[in-house]
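Me: Could you walk me through this fold, one question at a time? I would like to see the reasoning behind each reply.

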Amino acid sequence: MASSRHILNNALDAVGNTPLIRLDKIAAEEGLKCNLLGKLEFMSVGGSVKDRIAKAMVLAAEKDGRLVPGQSVVIEPTSGNTGIGLALACAVKGYSVIITMPNKMSREKEALLRALGARVVRTPDTEPWDSPNSHLGVAQRLQREIPHAVILDQYRNPNNPLAHEYTTGPEIVDAVTSTPSSPLWPSSMKVDAFIASAGTGGTITGISRALKKTHNPDCIVVGIDPVGSILAFPDSLNEHGISKPYVVEGIGYDFIPEVLSRDPADVDTWLKSTDEEAFKAVERLMRKEGLLVGGSSGSALSGALTWLKSEQGRKFAKTEGMNIVVLLPDGIRNYMSKEWFLNFALRSDPSPLVDQSDGV
Ligand code: PMP
């Protein structure tokens, strides 16, 4: 992986290598003794955790001859971030891109995609995944109709989880093991628990494998799934089924993607999260930690805090030096015009700038 201390060849060399940051103020407010750490994926060049898989899928497809320069058209159904990563990679590499994306996803993502030269086809939010009109169905139709079209397919492509097993996971391990324990900041020097929200599930599956296989087999991995989605395991957790629409983007589905491991050996525990919890946690990450994250980062943080209060999580919360890592997938740049963001960003100041009480 390229180091940012050297001149990089192109934007693809600036994918990943994101910082792991202490969330000390939130930890103190929660009374946590453990270290609460956030992996800040909006610092990647395209602004999200999905840059990594876009790069890996494009490079692998070039290697095995599926992508031919000057000829191939890359089509991908996405909630936006994989599309942005692919459009960025394809801008560098010279491929045309068509992105199919449900209406619910933000205008900001569409604008970025178009700015990177991609064509964007919007699809209805309410179509089930296996309908010909869903973002998956429309992508498949376009592939049949357009010569030299290739769907890299983040839902099935093994390079999705592998990108995280080979990059995101090792970066987390590297940061934790290379930061010495000190009286001020005691550390177990291990990743003791990892929490991530899931969409395709590639992030949580790949990072879990990196952590459990080669670093700490006892690491507890916690998946966060929005109420209204069916990814959580066991199925009894998904009591609202797919009937309840939710606003947070990029996480949850009405089907189980092939790249998501629901094997308890990979993801130990699942928790559900609501929009309200997610947006409150985003506000907290901004106001307390100065981190300009998107909605699914709030889902991951609120899920992490809920888990740390659970029977399984409590002993981690109470142990000095335990390292609890939360993945923060993208930034607020993707959601600046969304009502949930403007509601808290622009709401009137809680106290006057100047104390008016004097001399009255
Ligand atoms: N958060 C956001 C904002 C995303 O775009 C995605 C990807 N859809 C995720 C979380 C979940 O990542 P994954 O697909 O790897 O589960």
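Me: In what order do the six strands of the open sheet run?
Reply: Happy to help; keep in mind that this is a predicted model. The pairing in the sheet is mixed, and the twist averages 25° from one strand to the next. At the edges, β1 (20-22) and β9 (269-273) each pair on one side only. The order is β1-β2-β10-β7-β8-β9.

Me: Which residue in β8 stands opposite A196?
Reply: Strands β7 (residues 193-197) and β8 (residues 220-226) pair in the parallel sense, over five bridges. Within that pairing, the residue opposite A196 is G223.

Me: What angle does the direction of helix α7 make with that of β7?
Reply: Helix α7 (residues 202-214) packs on the sheet, where it touches β7, β8 and β10 (323-328). The angle between its direction and that of β7 is about 165°.

Me: Why does the distance between the end C-alpha atoms of helix α3 agree with its number of residues?
Reply: Helix α3 covers residues 81-93, which makes 13 residues. The expected span uses 1.5 Å times one less than that number, so it should be 18 Å. The end C-alpha atoms are indeed apart by 18 Å.

Me: How many residues of α3 are buried?
Reply: The helix is mostly covered, and its buried residues pack against α2 (51-63), β3 (73-77), β4 (96-102) and α4 (107-115). Among them are N81, I84 and L88. Of the 13 residues in α3, the number buried is 10.

Me: Which residues come nearest to the ligand?
Reply: The shell has four nonpolar, 12 polar and three charged residues. Of these 19 residues, the nearest are G199, T203, G250, S296 and P329.

Methods. Residues numbered from 1 in each chain as written. Predicted model: local features only at pLDDT ≥ 70, side-chain atom pairs only at ≥ 80, totals over all residues. Pairing = 2+ DSSP bridges. Helix = DSSP H or I, 4+ residues; strand = E, 2+ residues; numbered from the N terminus. Axes fitted to C-alpha atoms, helices over the stretch in contact; angles between N-to-C directions. Contact = placed C-beta atoms within 7 Å. Near = placed C-beta within 6 Å. Nonpolar A, V, L, I, M, F, W, Y, C, P; charged D, E, K, R; others polar. Buried ≥ 20, exposed ≤ 12 C-beta atoms within 10 Å, placed from the backbone.
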